[in-house]
Amino acid sequence: MQKQVIVIKLGTASITDEQGVIRKPVIKKVAAGIAELSKTYHVVLVSSGAVGSGKAFIQHYKGTLSERKAAAAIGNPILIQLYQKYFSDYKIPVAQALCERHHFSNRSQFVQLKETFEAFWNNGILPVVNENDLVSNVELKFSDNDELATLIAIGFNAQSLIICTSAGGFLNDKQEIISVVPKIDSTIMSYVKKGKSTLGLGGMVSKLTFARLAVSLGIQVIICSLSGDNPFTDALLGKNGSLFKAQNSNLKARQKWLASGSITIGSLTVDKGAVKALEQRRSLLTVGVTQVQGKFAAGEVVQIMNDEEKIIGVAKVKIAAESLRQSLHIKHIMAAHADDIVLF
């Protein structure tokens, strides 16, 4: 049988100290844990920490966009060298994979990405993933590595997404870890503190947002710590962190890609008539679109929102954003074909 996929995301605060310096004993433990998992699973490692590692080299660092890009460019080689060092103890080569949003929003590019990762796994190579911060357009950046890890997990039909954080799990109002979260509802959301660590981009709100998407598409999500001798194995056994249970999903691989490639690239707001037509498995016409947000090209994936600003699905559009805006009141122009639309 082909191995199942596990995506592991390491948060900045979980692998660095308060100054952003990577803690080598933690990386050593990560290598040991992933080496063990690799006997049973194909593993993708999404690692934060590049900006934290590189910012010490930027004089009078203030955290501007250009400074973050420069710090990431410096920090990524530092990260990858450490991973190479500690994974070599287990004879596991590592490959650096710097991704951009179009690698996911464009189907043909995503298929190429997937084939490359399969080549890594077939040769016993671990892909270590981060965003290509140096060249990523600010409007098309991933919101954080929680999003990047989620896109990979969904696109690769992973069994599990493990998110390692300094919080150690999802905490209730008494600051106790909830071991199992069957559903992300209003009660769960009420426990969230809106803050984030001083080093990381994403907070718990971000993690819950992407956990909700992943579990809705059949992937279990575990938010856990890196404490203990076997943090990843313990997480899969329910002994470390919080398990967000996967829901049943009958979507095919291409439909899951559609659902995963659209988190921030753009959106279409549609009227009630269009919603009814979509529910009847019809195509989306431009006359049913009331608002276009974002910049996107023909063939890219966007969110579909109703008039209450609730996300109801995603679609691969047939025309670019600007052309779509100019066609809103013109009849019989197709914005997205029924086969390229997935409703949630």
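## Model and terms

Buried here means under 20% relative accessible area, with exposed over 50% and partly exposed in between (1.4 Å probe, protein chains only). The model is predicted: local features need pLDDT of at least 70, side-chain atom pairs count only at pLDDT 80 or more, and totals for chains, interfaces and linings use all residues. Residues are numbered from 1 along each chain as its sequence is written, and side-chain values use heavy atoms, with hydrogens and water left out.

## Nonpolar cores

A nonpolar core is a set of buried Ala, Val, Leu, Ile, Met, Phe, Trp, Tyr and Cys residues joined through side-chain atoms within 4.5 Å. The largest one has 46 residues. Val 7, Phe 117, Val 129, Ile 152 and Phe 244 have the most contacts inside it. Domain 1 (5-253) and domain 2 (264-343) both contribute residues, so this core lies between them. The domain bounds come from an automatic or database domain assignment.

Ile 152 touches Val 7, Val 44, Val 46, Phe 104 and Val 129 (heavy atoms within 4.5 Å), leaving aside residues up to four places away in sequence. Apart from the largest core lies another, of 33 residues. Its members include Ile 6, Leu 79, Ile 80 and Leu 226.

## Strand S2

Helices (H or I, at least four residues) and strands (E, at least two) are DSSP runs, numbered from the N terminus. Strand S2 covers residues 41-47, and 7 of its 7 residues are buried. Tyr 41, Val 43, Leu 45 and Ser 47 point one way. His 42, Val 44 and Val 46 point the other way. In a regular strand the side chains alternate between the two faces of the sheet.

Two strands pair if DSSP finds at least two bridges between them. S1 (residues 4-10) pairs with S2 in the parallel sense over 7 bridges. Val 7 has Val 44 as its bridge partner in S2. S2 and S4 (residues 126-131) also run parallel, joined by 2 bridges. There, Leu 45 is matched with Val 128 of S4 as bridge partner.

## Aromatic pairs

Rings of Phe, Tyr and Trp (its six-membered ring) pair if their centres lie within 6.5 Å; planes under 30 degrees apart count as stacked, over 60 as edge-to-face and the rest as tilted. The whole structure holds 8 aromatic pairs. Tyr 83 and Phe 87 form a tilted one, 6.3 Å centre to centre with 45° between the planes. Both lie in helix H4 (residues 65-87), 4 residues apart, about one turn of the helix. Both are buried.

Trp 121 and Phe 156 have ring centres 5.8 Å apart and planes at 85°, so this pair is edge-to-face. Trp 121 sits in helix H6 (residues 107-122) and Phe 156 in the loop between helix H7 (145-155) and strand S5 (160-164), so the pair ties together parts 35 residues apart in sequence. Trp 121 and Phe 156 are buried. Ring pairs link both into a cluster with Phe 110, Phe 117 and Phe 120.
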